[in-house]
Amino acid sequence: MTREDSHGATEVGVTAERSTNGSPAAIPPDADAVVVGAGILGLATARELKRLRPEWSVLVVEKEDTAARHQTGRNSCVLHAGVYYAPGSLKARLCTDGRRLLMDFCDEHHLPYEVTGKLVVATEAHEIGKLEELYRRAKLNGLAGLRLLSASQLRDVEPHAAGRAGLHVPETGIVDFRLVAAALQRELEDHGSTIAFSAGVSSLRDVPGGVRVTTTRGSVSAKVAVACAGLQSDRLARASGTTTSDVAIVPFRGSYYALAPSAAERCRGMIYPVPDPRLPFLGVHVNRRPDGGVWVGPNAVLALAREGYRRRELSLADMREVAGSAAFWRLARRHWRTGVSEVTRDLVPHLVARAVRRLLPDVSRADLVPAAAGIRAQALHSNGLLADDFLFAESPRVLHVQNAPSPAATSSLAIASVLAKKTLAKLDGR
């Protein structure tokens, strides 16, 4: 296994492949398979299709001018071990298998990663039972080296941490998923696949014997198509005339801070709170990153634009869609207290420092420096419940991924195997 420091990528996004005149790679008139989206999941799915059908032409189309511009390139770089998921569930298996596959991929492509370990801390007495349940789940999911720790033992793992009890998960790690996406892109191109950037997809329509993919740079015919469209997945499914089971994407923006260099040494690896089981968010945590920095966050607040990473960035169309959603208002009524708390903390940095001090008592507001933000494409059911499982919309030759639940980046190579097989089964009418 590689155990070296990662300097990561200096910018969000992976360099686009260009033709000799500097324009994006041309879109061919036909291909055997088309994959929409050049995030880590789309690229991994294209790679798996090519592995299963090496004779096929596989085309990836992406609306941005580079890969990994959104969720893949805007996260805390955590390589999850599978602590939180119900034993025996598909999510648990895909996390375990995906982590192993991803580390093997990194070794094969000489990509740096590090197994730092993770400490989940119970700061209140009522959280200790939840912590013990996490330990039980993690053991059933096959994690090794787990330890339940007393308050005094926490500092053996994280010398500056404090709490009533803890769970040490030594198999959790960090990796720059942008570098993984870049390696996937290179491998696809080395094996003859085309990745066409600046090609937004407006629809994927079933036609006799295949599918017609319409993009802003022309149309392409294919035998099958799979859409890994992330933040735009519900819109693309609707535009393609595919039943979506009333699923809508609600964008949640997560803002991060970084610990100033003078305070970064207070976190060796990762320090997490015990999560609220009612929500698919893990709470404000502290984790070291591949570039050596330490991030704090994220908050989880409704984004004012699906792809608006700045706090004041607003899309009236996106907001009208949310405001007109009965499902969103059902969600808001159920979790309004949590929502108010998240928004308030997002606007008041002193409250972020207070949340961090529950885990690291020595951190002050002066130690927090604004960092990046990401947006999570959270699928929402019509009844107002947040989706926490895989969701698909399908037609005879098209598979739309409407929700690939966290940890999708860690699990990407394992999820890709499921998606590729599910897509190829359409050729047999299964």
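How many bridges join β11 to strand β12? There are 5, and the two strands run antiparallel, with β12 covering residues 218-227. Before I go on, a word on what you're looking at: this is a predicted model, where local features need pLDDT of at least 70, side-chain atom pairs count only at pLDDT 80 or more, and totals for chains, interfaces and linings use all residues. Residues are numbered from 1 along each chain as its sequence is written, and side-chain values use heavy atoms, with hydrogens and water left out.

Okay, quick vocabulary. When I say helix or strand, I mean a DSSP run numbered from the N terminus: H or I with at least four residues for helices, E with at least two for strands. Two strands pair if DSSP finds at least two bridges between them.

Back to the hairpins, then. β11 and β12 form one with 2 residues between them, and inside that pairing Arg 212 sits opposite Ser 221 of β12. On the other side of the story, strand β10 (residues 201-207) is joined to β11 (residues 210-215) by 6 bridges, again antiparallel. Val 201 faces Thr 215 in β11 there. The hairpin of β10 and β11 also has 2 residues between its strands, and Gly 209 takes a positive phi near 80 degrees in it.

Now a smaller sheet. It's open, it has 3 strands, and the order is β3-β8-β4 with antiparallel pairing. β3 (78-79) and β4 (113-114) are at the edges with a single partner strand each, so one side of each has no neighbour in the sheet. Between β3 and β8 (residues 173-175) you'll find 2 bridges, and Leu 79 has Gly 173 in β8 as its bridge partner.

On to helix packing. Two packed helices are described by the angle between their axes and the distance between the axes. The axes here are lines fitted to C-alpha atoms, for helices over the stretch in contact, and the angles run from 0 to 180 degrees between N-to-C directions. For the labels, under 35 degrees is roughly parallel, over 145 roughly antiparallel, 65 to 115 roughly perpendicular, and the rest oblique.

So how do α1 and α5 pack? Helix α1 (residues 40-52) meets α5 at about 30 degrees, with the axes 9 Å apart. That's why the two count as roughly parallel to each other. Their crossing is left-handed, meaning the near helix is turned anticlockwise from the far one by less than a right angle (clockwise would be right-handed). α1 brings Ile 40, Leu 43, Ala 44, Ala 46 and Arg 47 to this contact, and α5 brings Phe 177, Val 180, Ala 181, Leu 184, Glu 187 and Leu 188. Contact here means heavy atoms within 4.5 Å. By class, that's 9 nonpolar, no polar and 2 charged residues. For the classes, Ala, Val, Leu, Ile, Met, Phe, Trp, Tyr, Cys and Pro are nonpolar, Asp, Glu, Lys and Arg are charged, and the others, Gly among them, are polar.

α5 (residues 177-190) also packs against α2 (residues 90-108), at about 70 degrees and with the axes 11 Å apart. This pair is therefore roughly perpendicular, and its crossing is left-handed. From α2 we have Leu 102, Phe 105 and Cys 106, meeting Phe 177, Val 180, Ala 183, Leu 184 and Glu 187 of α5. The split there is 7 nonpolar, no polar and 1 charged.

And α2 has another packing partner, helix α11 (residues 412-424), at about 110 degrees with axes 6 Å apart. That angle makes α2 roughly perpendicular to α11. On the α2 side it's Leu 94, Asp 97, Gly 98, Leu 101, Leu 102 and Phe 105, and on the α11 side Leu 413, Ala 414, Ile 415 and Val 418. Here the count is 8 nonpolar, 1 polar and 1 charged.

Last bit: rings and backbone oddities. There are 3 aromatic pairs in the structure. One of them is Tyr 256 with Trp 295, tilted, at 4.7 Å centre to centre and 35 degrees between the planes. For the cut-offs, rings of Phe, Tyr and Trp (its six-membered ring) pair with centres within 6.5 Å; planes under 30 degrees apart are stacked, over 60 edge-to-face, and the rest tilted. Tyr 256 is in β13 and Trp 295 in β16, 39 residues apart.

Gly 297 and Pro 298 are joined by a cis peptide bond, omega about -5 degrees, and Pro 298 lies in the loop between β16 and β17. Finally, Ala 68 has a positive phi of about 60 degrees despite not being a glycine; look for Ala 68 in the loop between β2 and β3.
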